Amino acid sequence: MTNPTTPATRVAVLGSGSWGTTFAMVLADAGCDVRLWGRSADVAEEVTTQHTNARYLPGITLPAMTGTTDAAEALADAQIVVVAVPSQVARATLTALRDLVEPDAVIVSLMKGVELGTDERMSQVIVEALDVPLSRVAVVSGPNLALEIAERQPTATVVACIDEDAARFVAEACSNPYFRPYTNDDVVGVELCGAVKNVIALAVGMAQGRGFGSNTIATVITRGLVEITRLGLELGADAATFSGLAGMGDLVATCTSPLSRNNTLGRHIGEGMSLEEAVTATGTTAEGAKSCRSVLDLASKHGVDVPITSGVVSVLYDGLPVEDMARGLLSRPQKAEGIGG
Ligand SMILES: NC(=O)c1ccc[n+]([C@@H]2O[C@H](COP(=O)([O-])OP(=O)(O)OC[C@H]3O[C@@H](n4cnc5c(N)ncnc54)[C@H](O)[C@@H]3O)[C@@H](O)[C@H]2O)c1
Ligand SMILES: O=P(O)(O)OC[C@H](O)CO
């Protein structure tokens, strides 16, 4: 919490949706001086004066922070810049703000997606859009459902950065009595876990919506972790990451919680909605619906077999019925258990 002898770390949070606002709350509760930037003047005013963001966090009272639509105001003197917009708009959003970011700020990605078209992870997009070295980009990812954290329920997370000092700086800035960050240098693994677990959560939701029970759910989660691990190892990730908070931790949280937008969207699809209807019914950002295609593309480029992701893409974009996806997965050639196939 705040040490009266040292000045508060100044942080800009870009994106005033559910996770951006919640992480702003985490930082403010950890003693940071937080400015929350978003496109909506009404939300900015509400955050500053009423200490709420009722659309995204109903019933939650926020700590003191400044909401603003003025990016220059948010970014001035910010030592940490947190990015919490949907992955597919990250590049455009950051490119427009590039000249406003302080030269030595650490940029933190909260985003869990892979960019369509380039198949880049969000740290790669940030490096290009802001023209910063990777050593100044950190990723925060773990079992972090915003609505639970906004109620100050206890959880932990991973702060990944190739620069240990930068990871520790961010971890110290967001550490508070209900939020415990661990540091890690495996940016590739942590980012892939965050993006691909959303696709696996869609598959679990589809199974639930179709009426399948616990055996199916456990099978998809377990083989989903194999799929994430296989892709991650091929891309140079550290094996230990997959059994950690950003790996198994977040996979379990997202696949089993009705609060997960990806799980919810998958359930709507399993119950028979079209993708368009399911996106509308889910409301806020379900990253897996878009990232499933970039994850599949990335895996194909690297010759990695990702059958669950491939099935999700076929259901969402080619009209494959969920039961046919299940039949297809189960009728593949017999093999030994493990990450090999
Ligand atoms: N909500 C969670 O529990 C949670 C937890 C961990 C990670 N994440 C990740 O955080 C990221 C943000 O998700 P979220 O849950 O806050 O989404 P959200 O849908 O709740 O909010 C997204 C915000 O981005 C804004 N936005 C959209 N397009 C924009 C643009 N072009 N420029 C500026 N702002 C724009 C929206 O207005 C909204 O305020 C996603 O990658 C998600 O996977 C979410
Ligand atoms: O609501 P979801 O499906 O985007 O998941 C939120 C977080 O990523 C869980 O850690």
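**Notebook: two ligands and two domains**

I started with ligand 1, and its shell draws at least three residues from each of domain 1 (10-185) and domain 2 (188-330). The model is a predicted one, and I keep that in mind for every entry below.

**Entry: the domains**

I looked up the domain assignment, which gives domain 1 as 10-185 and domain 2 as 188-330. Their C-alpha centres lie 24 Å apart. The contact between them takes 27 residues from domain 1 and 28 residues from domain 2. On the domain 1 side, I noted the elements that give two or more residues: α5 (122-130), β6 (137-141), α6 (146-150), β7 (155-160) and β8 (179-184). Of these, β7 gives the most, with four residues. By class, that side of domain 1 splits into twelve nonpolar, ten polar and five charged residues.

I then checked the record. UniProt, in an unreviewed entry, places the feature "domain: Glycerol-3-phosphate dehydrogenase NAD-dependent C-terminal" at residues 186-325. In the model that stretch is 77% helix and 0% strand. Its end C-alpha atoms are 33 Å apart.

**Entry: ligand 1**

Which residues are closest to ligand 1? I found Gly17, Trp19, Ala146, Thr284 and Thr285, out of 25 residues that surround the ligand. Helix α1 (residues 18-29) supplies the largest share of this shell, three residues. I sorted the shell by class and got ten nonpolar, twelve polar and three charged residues.

I took Gly17 next. Gly17 sits in the loop between β1 and α1. Gly17 counts as buried because 20 C-beta neighbours lie inside 10 Å, and the cut-off for buried is 20 or more. Setting aside neighbours within four places in sequence, I list Tyr56, Ala84, Thr284 and Thr285 as its contacts. Two of the names in that list, Thr284 and Thr285, are also among the closest residues to ligand 1. I also checked Gly17 against Gly38: the two are 21 residues apart in sequence and 8.1 Å apart in space, C-alpha to C-alpha.

Trp19 came after that. Trp19 is in helix α1. Is Trp19 buried or exposed? Trp19 is buried, because 26 other C-beta atoms lie within 10 Å. Beyond four places in sequence, Trp19 is in contact with Ala84, Leu110 and Ala146. Ala84 thus appears in the contact lists of both Gly17 and Trp19.

**Entry: strands β1 and β2**

I looked at how β1 (residues 10-14) pairs. Five bridges join β1 to β2, and the two strands run parallel. Arg10 has Asp33 as its bridge partner in β2. Strand β2 (residues 33-37) is mostly covered, with four of its five residues buried.

**Entry: ligand 2**

I counted 13 residues around ligand 2, the closest being Asn144, Thr254, Ser260, Arg261 and Asn262. The helices α8 (187-209), α11 (245-256) and α12 (261-270) each supply at least two residues of this shell. Which helix gives the largest share of the shell around ligand 2? I found α11, with three residues. By class the shell has four nonpolar, five polar and four charged residues. At least three residues of the shell come from each of domain 1 and domain 2.

**Entry: Arg261 and helix α12**

Arg261 lies in helix α12. I counted 25 C-beta neighbours inside 10 Å, so Arg261 is classed as buried. Not counting residues up to four places away in sequence, Arg261 touches Thr282, Thr284, Thr285 and Ala286. Thr284 and Thr285 are also among the closest residues to ligand 1.

How many residues of α12 are buried? I found ten of its ten, including Asn262, Leu265, His268 and Ile269. The buried residues of α12 pack against α8, α11, α13 (275-282), α14 (288-301), α15 (307-318) and α16 (322-330). After α12 comes Gly272, and I noted its positive phi, near 115°.

**Entry: annotated positions**

Last, I read the "binding site" annotation in UniProt, again from an unreviewed entry. According to that record, the annotation covers Ser18, Trp19, Arg39, Tyr56, Lys112, Ala146, Arg261 and Glu287. Trp19 and Ala146 are among the closest residues to ligand 1, and Arg261 is among the closest to ligand 2. Tyr56 is one of the contacts of Gly17.

Technical notes: Residues numbered from 1 in each chain as written. Chains lettered and ligands numbered in written order. Predicted model: local features only at pLDDT ≥ 70, side-chain atom pairs only at ≥ 80, totals over all residues. Domains from an automatic or database assignment. Contact = placed C-beta atoms within 7 Å. Nonpolar A, V, L, I, M, F, W, Y, C, P; charged D, E, K, R; others polar. Near = placed C-beta within 6 Å. UniProt positions renumbered as here; feature names shortened; annotations may be inferred. Buried ≥ 20, exposed ≤ 12 C-beta atoms within 10 Å, placed from the backbone. Pairing = 2+ DSSP bridges.
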